[in-house]
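I wanted to get my bearings in this one, so I picked one theme for today: charged side chains that pair up. Notes follow as I went along.

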Amino acid sequence: MVGDRWNEFYATGEYERCAYLAGEEMDEYVDRFLDGSGVDPESFASVGCGPAVTEFALAERHPDTEFYCYDLAEDVIRDDREVADRRGLSNITFHVRSLPDLDLGREFDIVYCMATLYFVEAIEDAIEALYDHVQPGGYLIFNYPNEATREWLRDEPEGKREFFAPVAAGTNLLTREAIEQLLGTDVRDYWKFVGATDLQSGNSPAVFVQR
């Protein structure tokens with residue numbers, strides 16, 4: 001089970017607190033998106049937050065925005081809460097939730113899901129669940145696995161391939177066209193919009209869509 005693997009990964013507390021995709025630049029990309037789209041969000045949900053490095057950086061720079069962070073691993077959520085307390089951040093909270101069965105009880109100006117859908121087999125259900133939590137006029141931002149992701153994974157160690165089992169099996173690979181058909185609207189290239197030129201043609205495509 002994916003949840004068991006992630007709980008085991010975080011259980012020792014010895015994991016690296018980092019953004020697992022694009023590193024320290026991820027929060028800068030979010031700020032570029034907010035500037036470029038003209039959004040000043042009151043609420044920001046991050047689904048699959050992990051160590052929440054990006055979210056902590058954003059919460060410090062945007063004290064008037066409420067950040068709601070979700071992950072299926074109880075250990076990392078506990079650790080994140082301790083970090084928030086140490087930093088004195090009152091505008092960021094952490095909760096245990098998982099995809100695709102996502103019921104957050106509210107909608108948000110921004111719903112953000114990065115480096116997470118690799119591990120979700122029912123990926124279309126997950127994307128629809130994320131989109132359902134976006135306020136009208138708000139945005140969903142996410143990355144997703146495609147055939148290039150699967151090709152990259154073939155050269156990785158066996159342990160990583162097991163972790164990315166749905167990608168390795170090809171059961172959750174998508175295209176931009178399939179996402180547009182699923183959501184019934186146009187989607188745009190997130191990496192291009194935020195100027196992440198090194199990621200535009202890579203194996204982790206990302207898009208955004210306004211509801």
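I started by pinning down the term: a salt bridge here is a side-chain nitrogen of Lys or Arg within 4 Å of a carboxyl oxygen of Asp or Glu. I also noted that this is a predicted model.

Entry 1, Asp75 and Arg78. I looked up this pair and found a salt bridge, with the closest N and O atoms 2.8 Å apart. Both residues sit in helix α4 (residues 74–87), three residues apart, or about one turn of the helix. I checked the surroundings too: Asp75 is buried because its relative accessibility is 18%, and under 20% counts as buried. Arg78 comes out as partly exposed at 38%.

Entry 2, the total. How many salt bridges does the structure hold? I got eight.

Entry 3, Arg61 and Asp31. Their side chains meet in a salt bridge, 2.6 Å from N to O. Arg61 belongs to helix α3 (residues 53–61) and Asp31 to helix α2 (residues 25–37), so this pair ties together parts that are 30 residues apart in sequence. Is Asp31 buried or exposed? I have Asp31 down as buried, at 16% relative accessible area. Arg61 is partly exposed, at 40%. I then found that Asp27 joins in: Asp27, Asp31 and Arg61 are linked in a network of salt bridges.

Entry 4, Glu151 and Arg154. I found another salt bridge here, and its closest N and O atoms are 2.1 Å apart. Glu151 is partly exposed at 43% relative accessibility. For Arg154 I also wrote down partly exposed, with a relative accessible area of 43%.

Notes: Residues numbered from 1 in each chain as written. Predicted model: local features only at pLDDT ≥ 70, side-chain atom pairs only at ≥ 80, totals over all residues. Heavy atoms only, no water. Helix = DSSP H or I, 4+ residues; strand = E, 2+ residues; numbered from the N terminus. Buried < 20%, exposed > 50% of the residue type's maximum accessible area, 1.4 Å probe, protein only.
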